[in-house]
Each structure stands twice: as structure tokens, then as C-alpha cells.
Amino acid sequence: KAKKEEEAFRACREKIAQHGLKMKLVDVEYQFDGKKITFYFTAEHRVDFRDLVRDLAKYFHTRVELRQIGVRDEAKWVGGYGPCGRRLCCAAFLREFESVSSQMAKLQNLCVSPDKISGLCGRLMCCLLFEREFYEEVARKFPKVGSKVSGEDGRVYEVSKVDIFRDRVYLKDEVGMEVQMSSEELSRWRRPLRRLLGRIRRRGDE
């Protein structure tokens, strides 16, 4: 069976080239009774392969089916190793694919460069999903980068950096002086900015 599938793969690839179709053959599956051959392929756009199917059916003298799969399915099918050095998650244990967005990389403070967060399939890595809930929960403890924080010293600071792993928040005042503290220290140290601005306005009115 394996030898027949290998020969069918080679023959189908030649036929695809002859028909000038923009599709990539991924795998071939022979039915045990030999009455059907299924060819799996990927393509960026819809492909009219009706003539190819007729040609293949005539060549193999059996029923032929062409089935288009996605690039993530291809990676799952072919397998391989990710940049982490481990077997691809899709090939190892994933049963279904969920939607992955670049926002998940930003949430984890990862570089959003496509070549850094994309898998072998060219899509965003599935593992960006695995720790999403953890990062969403932790993010609630920290202020957003760029937000304003008023301290117990009466000055207004801007959040310049957040390090959730070291539990550190970095603040800068108007002159660029930096202060760092833990999220718990910040919650005790900060004062509501609205209250502070109200006091400043009242002083200006006096």
C-alpha cells in the first residue's frame, strides 16, 4: 500500500504540472480495497481541478477524489519541529484549530514580527493560545503601559514598562526620573489620579 501511494503521489504531481495548476500536493491515501484514491492538496485560491480528476481516474482506472486542506492541516499532516525544539503541537496533540490573533502576542509582550511568532505553516503559532488566560488574569493586576499614575508624593508618573514575570512596574515622572516597584507596592503607593487632578484644579482656582 505504501509503495502504491508513493507511486500515485509522483504521478499526480506530474499531472498537476502538466495541467499548470497552482496547487501543492501534500499526501495520497489509497483505500484498502483499491477502489478509491484520495489526494490531499493545499492552494492559496480556489482551483478548478475537474480535468485533473478525469485524467487521474483514466490513469489509475479507479475512483479519484481531490480534497483541499488548509496550511495548518498540512503542518499537522506532515509534522516537524517548532522553534522551541519540540514536536509541532498540531501533530502531537491538537485535535482542533482555534483562531489565533497577534493581540495574543502583544498580551504576552512578545515581538509581533511575523517571522518570530509564525509556525512552520506560516500562520501564527497555536501555542500563543495556551497561556492566554494566565496573561489576561495577570494583566488585571498591572496598569497599562502609557497610562498615568499618581503617587503618594503628589506627582504624576507615566507607566513606561511592565514586567509580569519579575512583578515590576516601571514609572517615569515629567523629568524622566524612573521609579520601579511591585504591583502590590504600587497599589498601596498610588493615589486616584482623578482626586489628585481635582486638588490641582482647586489650587489653581484659589
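**Entry 1. Strand pairing**

I began with the first two strands and found that β1 and β2 pair in the antiparallel sense over 6 bridges. The model I was reading is a predicted one. I looked up the partner of V28 and found F39 of β2 at the other end of the bridge. In the hairpin that joins β1 and β2, I noted 5 residues between the strands, with G34 at a positive phi near 75 degrees.

I then turned to the other neighbour of β2. Strand β2 covers residues 36-42 and pairs with β3 in the parallel sense, over 6 bridges. Along this pairing I recorded K36 opposite R63, F39 opposite L66 and Y40 opposite R67.

**Entry 2. The sheet as a whole**

In what order do the strands lie? I read β1-β2-β3, an open sheet of 3 strands with mixed pairing. β1 (24-30) and β3 (63-68) are the edge strands; each has a single partner, so one side of each lacks a neighbour in the sheet. I noted an average twist of 20 degrees from one strand to the next.

**Entry 3. Burial of β2**

I checked whether the residues of β2 are covered, and 7 of its 7 are buried. Side chains in a regular strand alternate between the two faces of a sheet. I therefore listed the faces of β2 separately: K36, T38, Y40 and T42 lie on one side, I37, F39 and F41 lie on the other, and all are buried.

**Entry 4. Helices on the sheet**

I next looked for what lies on the sheet. Helix α1, residues 2-19, lies across β1 and β2 and runs at about 145 degrees to β1. Helix α3, residues 71-78, also packs on the sheet, where it touches β1 and β2; its direction makes about 55 degrees with that of β1.

**Entry 5. Helix α2**

Which residues of α2 are buried? In this helix, residues 50-60, I found L52, V53, L56 and F60 buried. They cover an arc of only 100 degrees around the axis, and therefore fall on the same side of α2. An α-helix has 3.6 residues a turn, so residues three or four places apart point the same way. On the other side of α2 I recorded R50, R54 and K58 as exposed.

I followed the buried residues of α2 to their partners and found that they pack against α1, β1, β2 and β3. Just after α2, H61 takes a positive phi of about 55 degrees.

I returned to the pair F39 and L66, which stand opposite each other in β2 and β3. The chain passes from β2 through α2 to β3, and I noted this β-α-β crossover as right-handed.

**Entry 6. Domains**

I consulted the domain assignment of the protein, which gives domain 1 as 1-69, domain 2 as 86-140 and domain 3 as 143-195. Taken over C-alpha atoms, the centres of domain 2 and domain 3 are separated by 29 Å.

**Entry 7. L107**

I closed with one residue, L107, which lies in helix α5 (residues 102-107). Is L107 buried, partly exposed or exposed? Its relative accessible area is 28%, so I entered L107 as partly exposed. Leaving aside neighbours within four places in sequence, I found L107 in contact with R132, Y135, E136 and A139. I also looked up L128, which is 21 residues from L107 along the chain; their C-alpha atoms are separated by 9.7 Å.

Definitions and conventions
Residues numbered from 1 in each chain as written. Predicted model: local features only at pLDDT ≥ 70, side-chain atom pairs only at ≥ 80, totals over all residues. Heavy atoms only, no water. Pairing = 2+ DSSP bridges. Helix = DSSP H or I, 4+ residues; strand = E, 2+ residues; numbered from the N terminus. Axes fitted to C-alpha atoms, helices over the stretch in contact; angles between N-to-C directions. Contact = heavy atoms within 4.5 Å. Buried < 20%, exposed > 50% of the residue type's maximum accessible area, 1.4 Å probe, protein only. Arc of directions from axis to C-beta. Domains from an automatic or database assignment. Right-handed = clockwise from strand over helix to strand, strands pointing away.
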